[in-house]
Amino acid sequence: MKYQYYKLLRAKGGAAVIAMGFAVGLFVEMFNLPTYGTSFLLIFPLNFVLRGSLAAALVGFVFGKIIYVPMSFLNTYVATHVLPNDFSVQLSFLPGWINRALLLNLKLIVGGVIDGAALALLLYFPIRYSVNAFKRKRKETRKLRRATVGH
C-alpha cells in the first residue's frame, strides 16, 4: 500500500495532474449512487480531457464513497433549493412511490453535481500544494543524502 502511495505521488506530470485526477474522481462519486454506478464511466473521458491521473481519480472516487452518506443529505438540501418548489416527477404509468423515488434520485444527482464540483474545486489546491511539498521535501532529502555521502 505504501509503495502504491509513493508511486502515485511520483507520477509523471506533477502535482497538477494528481490533484486534477483526485478532483475528477471525487466529483464523479458525488452523483454516482443514483445513477447505479454508470457515472463511474465518466472518470475516463473526464480524466483524458482534463489531463488528470487515473490512479488519483480512483483514490478520489474511493474517498468520495467514504464521505457520500453524510454528503447525500447536503446534496438533497442543495437540490431542494436549486430546483423549483413545485418540481415533481410524474410518470402516469408508474405508481406514486416510484415517482417519489425518482424525484429523490434526481435531487441526489443535481445536488451531487453542484456539491461535487464545489468539493473538487475546494480540494484541488490543497492536494496540489501537498504533493508539491512532498516532492520538495523528497528533493531536499536526496540532496542532503548526496552531500553527506560525498564528504
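# Notebook: pockets, helices and a few loops

I began with the second largest pocket, where α5 gives the most to the lining, with 4 residues. I'm working from a predicted model, and I keep that in mind throughout.

**Second largest pocket.** Which residues line it? I listed Tyr5, Leu8, Leu9, Ile18, Phe22, Ala56, Val59, Ile127, Ser130, Val131 and Phe134. Four helices each supply at least two residues of this lining: α1, α2 (15–29), α4 and α5 (96–150). I sorted the lining by class and got 10 nonpolar residues, 1 polar and no charged. The space in this pocket comes to about 180 Å³.

**Largest pocket.** I went on to the largest pocket, which holds about 240 Å³ of space. Its lining is made of Met1, Gln4, Tyr5, Lys7, Leu8, Ala11, Ala55 and Val59. Two elements give two or more residues to that lining, namely α1 (2–9) and α4 (54–82). Which element gives the most here? It is α1, with 4 residues. By class I noted 6 nonpolar residues, 1 polar and 1 charged. Tyr5, Leu8 and Val59 turn up in the lining of the largest pocket and again in the lining of the second largest pocket.

**Helix α4.** Next I looked at α4, since I had met it in the linings of the largest pocket and the second largest pocket. How far apart are its end C-alpha atoms? For 29 residues I found only 31 Å, short of the 42 Å that a straight helix would reach at 1.5 Å a residue. I then looked for a bend, and there is one of about 65° at Tyr68. A proline, Pro70, follows within four residues of that bend.

Tyr68 itself is buried. I wrote down the other buried residues of α4 as well: Ala56, Ala57, Gly60, Phe61, Gly64, Met71, Ser72, Asn75, Val78 and Ala79. Of these, Ala56 also lines the second largest pocket.

What caps the N-terminal end of α4? That is Ser53, with a side-chain oxygen 3.5 Å from the backbone nitrogen of Ala55. I had already noted Ala55 in the lining of the largest pocket.

**Helix α2.** For contrast I ran the end-to-end check on α2. This helix has 15 residues and reaches 21 Å from its first C-alpha to its last, close to the 21 Å expected at 1.5 Å a residue. How many of its residues are buried? I counted 12 of 15, so I put α2 down as mostly covered, with buried meaning under 20% relative accessible area. They are Ala15, Val17, Ile18, Ala19, Gly21, Phe22, Ala23, Val24, Gly25, Leu26, Val28 and Glu29. Ile18 and Phe22 are also on my list for the second largest pocket.

**Loop residues.** Lys12 sits in the loop between α1 and α2. Is Lys12 buried or exposed? Its relative accessible area is 80%, and the cut-off for exposed is over 50%, so I call Lys12 exposed. I also took the distance to the cap of α4: the C-alpha atoms of Lys12 and Ser53 are separated by 8.9 Å, while the two are 41 residues apart along the chain.

Arg51 is in the loop between α3 (43–50) and α4. Its backbone caught my eye: phi is positive, about 60°, although Arg51 is not a glycine. At 66% relative accessibility, Arg51 counts as exposed too, because that is over 50%.

Leu91 lies in the loop between α4 and α5. With a relative accessible area of 34%, Leu91 is partly exposed, since it falls between 20% and 50%.

**Along α5.** I picked Leu102, in helix α5, and found it partly exposed at 32%. How far is Leu91 from Leu102? Their C-alpha atoms are separated by 9.7 Å, with their positions 11 residues apart along the chain counted as a separation of 11. I did the same for Leu102 and Ser88, which are 14 residues apart along the chain, and got 9.1 Å between C-alpha atoms.

Last on the list was Arg142, also in helix α5. Arg142 is partly exposed, with a relative accessible area of 38%. From Arg142 to Gly60, 82 residues apart along the chain, the C-alpha separation is 29 Å. Gly60 is on my list of buried residues in α4.

Note on methods
Residues are numbered from 1 along each chain as its sequence is written. This is a predicted model: local features need pLDDT of at least 70, side-chain atom pairs count only at pLDDT 80 or more; totals for chains, interfaces and linings use all residues. Side-chain values use heavy atoms; hydrogens and water are left out. On a 1 Å grid over the protein atoms alone, a cavity is a set of points where a 1.4 Å probe fits but cannot get out, and a pocket is an open set with protein on both sides within 12 Å along at least five of seven lines; lining residues have an atom within 4 Å of a point. Grid points are joined across faces, edges and corners, and a volume is the space filled by probe spheres set on the points. Ala, Val, Leu, Ile, Met, Phe, Trp, Tyr, Cys and Pro count as nonpolar, Asp, Glu, Lys and Arg as charged, and the others, Gly among them, as polar. The expected span of a helix is 1.5 Å times one less than its number of residues. The bend at a residue is the angle between axes fitted to the seven residues ending there and the seven starting there. Buried means under 20% relative accessible area, exposed over 50%, partly exposed in between (1.4 Å probe, protein chains only). A polar contact is a pair of N or O atoms within 3.5 Å; within protein, one must be able to donate a hydrogen and the other to accept it, and residues adjacent in sequence count only if both atoms are side-chain atoms.
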